[in-house]
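Please lead me through this model in ordinary prose, taking the two chains in turn and explaining each term as it comes up.

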Amino acid sequence: MKTLLAAFVLAMLASPALAQDEKVVLKDGPGKDTVENACAACHSLDYIPMNSPFLDHAKWDATVKKMISAFGASIEPAEVQAIVDYLAKNYGG
Amino acid sequence: MIRRNSDVEADMAEPSAWQERRTFLRGAGAAAAGTIIGGVPFARTVLGAGAPVSAGVPAGAMTEAVLAALPGKKPLIRLSQRPPNYETPVSFFKDVITPNDAFFVRYHLADIPEVALAEWKLKIGGDAVERPAEYDMAALKSGFETVEIVAVCQCSGSRRGLSSPHVQGVEWGYGAMGNARWKGVRLKDVLAKSGVKKEAIEIAFNGADGPVSPKTPDFIKSIPVWKALDENTIVAFEMNGQPLPHWNGFPARIIVPGWTATYWMKHVVSVDAITTPQGGFWMNPAYRIPTGKFPLVDRFLTQETPANTPITEMVVNSLITSVADGQRVPAKRPVEVRGIAWDGGYGINSVEVSTDGGKSWRPATLGEDLGRYSFRPWSLRFTPSKPGSYAVMAKATNRIGATQTLDLNFNPAGYHNNVVQRVNLVAA
């Protein structure tokens, strides 16, 4: 039982979003996985389409940086560019 | 006991306060079922597309929004799942009091415990309080006079989605608001019992809900001492004759009549009298409007800067509820135009209705008066004299002469949108 529980807990840790949210289908494209992992750690992915399509590349960049600086999102500096590019390309305007 | 990433991080980073707060409030929710994280039950009913989203919100919000029901709630317009943000469809505003199960839901942070009443306590403290105190619900109810007030609770960002150009955030249409009869005790009485020092400048509130990550700022809000001591500001434990719904702040929330809902702390657990301005993201830079941009009376001077200032009272506003844009009506037959109006607590003086796109205006008949903080119903009957298009508009004016704008008073956060609505009817 303990092992099962531990496995379950590990699964939850690995994919907190999948465990909680109904699936939000984001557009396919380079960077999608990175976006899903980074954003869904704190909020459901519906925030992305909801805020579209009116943010340009610079505004998505500012948004991602705000998530890091103001909200403490755990996003590696190396991931930022891929995330911003994906959002601007697929949900930009 | 399910543990999460954030718990593990928190344990490593900050073993004391964070953990203590969570342990205190997680009991009931965490024990209930395996599908619970942080106490939020995830059972939801989604009814699919076709949510009555307000025209004008961003296309992505229009597509993504669905009608869905949180536990204990009717299907509402779901704008986001986690944290949950659900808007009340306009059809519910045909009644002056918004039902509890249709009342909008708004959270900033996703760790929302189901607070067990037996474990709940309200702490009165801060560096400007003489005698810190702690109340359970029984002590709160028996210790102070119980009062009732009907008041509009409106999210600062209601109608943000209609902003032009669009701005970021939860893309609310018309329904991030509701009007309820709140019962509770006066905050001024509770504060008086503990003694507020003359050095106090603000009263700060915290609720049981918190962030998923300990690196995310907790939602803490303050109001000026003078507003906290207003006899209409209460600690509410009932809403429309029932205990507060979980999603609206069970077991107690702060009611700040006239002011936007950002200050109406849900699941309130602490009230602090403080001698320095409350800091933190949610006070600054969040919930700010450009200083001097809006004709408001209430100012939050201990937080004001030359550039911006906290949002305070609601601007005067109205909503047409009986007819919808594009609706067909018979020519030469009377049409009832009905709606509601509200403001920051001065009271509605008049509502004027135009049926010709603003060329001429006629006074509507005001309905039942439930107090100056409540929705005020209004109605006007008109008869389209011939087939054609009729642009119906409604414009409320309050008792200090403030009225709605015809053009958006744009601001970066999309607050205070009180643009006069325009509903086109087709008479045939």
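Which residue stands opposite B:Val337 in E26(B)? The partner there is B:Leu380, and the setting is a pairing of strand E22 (residues 335–342) of chain B with strand E26 (residues 376–382) of chain B, which runs in the antiparallel sense over 7 bridges. Two strands are said to pair if DSSP finds at least two bridges between them, while strands (E, at least two residues) and helices (H or I, at least four) are themselves DSSP runs, numbered from the N terminus. E26(B) is also joined by 2 bridges to strand E25 (residues 365–366) of chain B, again antiparallel, and in that pairing B:Leu366 stands opposite B:Trp378.

Before going further, note that this is a predicted model, in which local features need pLDDT of at least 70 and side-chain atom pairs count only at pLDDT 80 or more, whereas totals for chains, interfaces and linings use all residues. Residues are numbered from 1 along each chain as its sequence is written, with chains lettered from A and ligands numbered from 1 in the order in which they are written.

Chain B also holds an open sheet of 5 strands in the order E21-E28-E27-E23-E24, with mixed pairing. Its edge strands, each pairing on one side only, are strand E21 (328–329) and strand E24 (362–363) of chain B. Within this sheet, strand E27 (residues 388–398) of chain B and strand E28 (residues 422–427) of chain B pair in the antiparallel sense over 6 bridges, and the bridge partner of B:Met393 in E28(B) is B:Arg422.

Elsewhere in chain B lies strand E14 (residues 234–239), which is largely enclosed by the rest of the structure because 5 of its 6 residues are buried; a residue counts as buried if 20 or more other C-beta atoms lie within 10 Å of its own, as exposed if 12 or fewer do, and as partly exposed in between, with C-beta atoms placed from the backbone. Strand E11 (residues 177–186) of chain B is joined to E14(B) by 5 bridges in an antiparallel arrangement, where B:Arg186 stands opposite B:Ile234. E14(B) also pairs in the antiparallel sense with strand E16 (residues 253–255) of chain B over 3 bridges, with B:Val235 opposite B:Ile254. A further 2 bridges join E14(B) to the antiparallel strand E15 (residues 242–243) of chain B, and in the hairpin of these two strands, which has 2 residues between them, B:Asn240 takes a positive phi near 55°.

Chain A has 6 helices and 0 strands, and buried residues make up 28% of its 93 residues. Helix H6 (residues 77–91) of chain A has 15 residues and reaches 21 Å from its first C-alpha to its last, close to the 21 Å expected at 1.5 Å a residue, the expected span being 1.5 Å times one less than the number of residues. In H6(A), the residues A:Ile83, A:Val84, A:Tyr86, A:Leu87 and A:Tyr91 are buried. Seen down the helix axis, the buried residues of H6(A) fall within an arc of 165°, taken over the directions from the axis to the C-beta atoms, so they line one face of the helix. These buried residues pack against helix H3 (32–40), helix H4 (47–50) and helix H5 (57–69) of chain A, together with helix H3 (59–64) of chain B.

Key
Two residues are in contact if their C-beta atoms, placed from the backbone, lie within 7 Å.
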